[in-house]
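Hello,

Here is the structure for you to look over. My notes follow below it.

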Amino acid sequence: MARYDLLIIGGGIAGAVLGRAMAEAGRTVLIVEKEEEFSDRIRGEMLMPGGSAEARALGIHDLLLEGCGNAVPGEIFVLDMG
């Protein structure tokens with residue numbers, strides 16, 4: 001029977017990136033995903049600059065841009081107190 005250091009339930013972006021990072025750190029990882037085809041996408045309104053830096057450090061920044069992401073040159077925040 002195979003033994004793993006980490007079991008990840010769900011192979012979406014978060015699970016896949018965590019699995020990759022842990023495998024690169026020398027851990028044995030099993031990712032369990034019910035879907036046969038990857039259909040995840042970035043969720044939320046934006047990826048903040050810190051998130052972009054993390055994506056670069058994990059080696060997935062260009063993959064996100066090629067597959068489903070869009071580069072945003074800057075952010076403008078507006079607080080509408082109505």
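Is V32 buried, exposed or partly exposed? Its relative accessible area is 39%, so V32 is partly exposed. The cut-offs matter here: buried means under 20%, exposed over 50%, and partly exposed in between. One caution before the rest: this is a predicted model.

**Around V32**

V32 sits in strand β2. Setting aside neighbours within four places in sequence, V32 has contacts with L7, I8, I9, G10 and G11. Take G10 as one case. V32 and G10 are 22 residues apart in sequence, yet their C-alpha atoms are 5.7 Å apart in space. Of the other contacts, L7 belongs to strand β1.

V32 is also part of a nonpolar patch on the surface. The other members are Y4, L7, I9 and L30. Together the five residues have about 480 Å² of accessible area. Both strands take part: β1 and β2 each supply at least two residues of the patch.

**The chain as a whole**

The secondary structure comes to three helices and two strands. Along the sequence the order is β-α-β-α-α. The chain has 82 residues, and 15% of them are buried. About 6900 Å² of the chain is exposed. Carbon and sulfur atoms supply 55% of that area. Now the contacts with a separation of 6 or more: residues 24 or more positions apart account for 46% of them.

**Helix α1**

Helix α1 covers residues 13–24, which is 12 residues. From first C-alpha to last, α1 reaches 16 Å. That is close to the 16 Å expected at 1.5 Å a residue.

Which residues of α1 are buried? They are G15, V17 and G19. And what do the buried residues of α1 pack against? They pack against both strands, β1 (6–9) and β2 (29–32). Just after the helix, G26 takes a positive phi of about 95°.

**The salt bridge**

How many salt bridges does a search of the whole structure find? The search finds one. The side chains of R20 and E24 form the bridge, at 3.1 Å from N to O. Both residues lie in α1, four residues apart, or about one turn of the helix. The spacing follows a general rule: an α-helix has 3.6 residues a turn, so residues three or four places apart point the same way. Side chains of opposite charge can then pair when their charged atoms come close.

The two partners fall in separate accessibility classes. R20 has 36% relative accessibility, so R20 counts as partly exposed. E24 has 56%, so E24 counts as exposed. The line between them is the 50% cut-off, because exposed means over 50%.

**H61 in α3**

Please also look at H61. The residue lies in helix α3, which runs over residues 61–67. Is H61 buried or exposed? H61 is buried, because its relative accessible area is 14% and the cut-off for buried is under 20%. Beyond its neighbours within four places in sequence, H61 is in contact with S52, A55 and R56.

**Where to start**

I would open the view on V32 in β2. Then go to the R20 and E24 pair in α1. End with H61 in α3.

Best wishes

How values were computed
Residues numbered from 1 in each chain as written. Predicted model: local features only at pLDDT ≥ 70, side-chain atom pairs only at ≥ 80, totals over all residues. Heavy atoms only, no water. Expected span 1.5 Å × (residues − 1). Buried < 20%, exposed > 50% of the residue type's maximum accessible area, 1.4 Å probe, protein only. Contact = heavy atoms within 4.5 Å. Areas by Shrake-Rupley, 256 points an atom, 1.4 Å probe, with all protein chains shown as cover. Patch = residues over 30% accessible without salt bridge, like charges linked within 9 Å, V, L, I, M, F, W, Y side chains within 5 Å. Salt bridge = Lys/Arg side-chain N within 4 Å of Asp/Glu carboxyl O.
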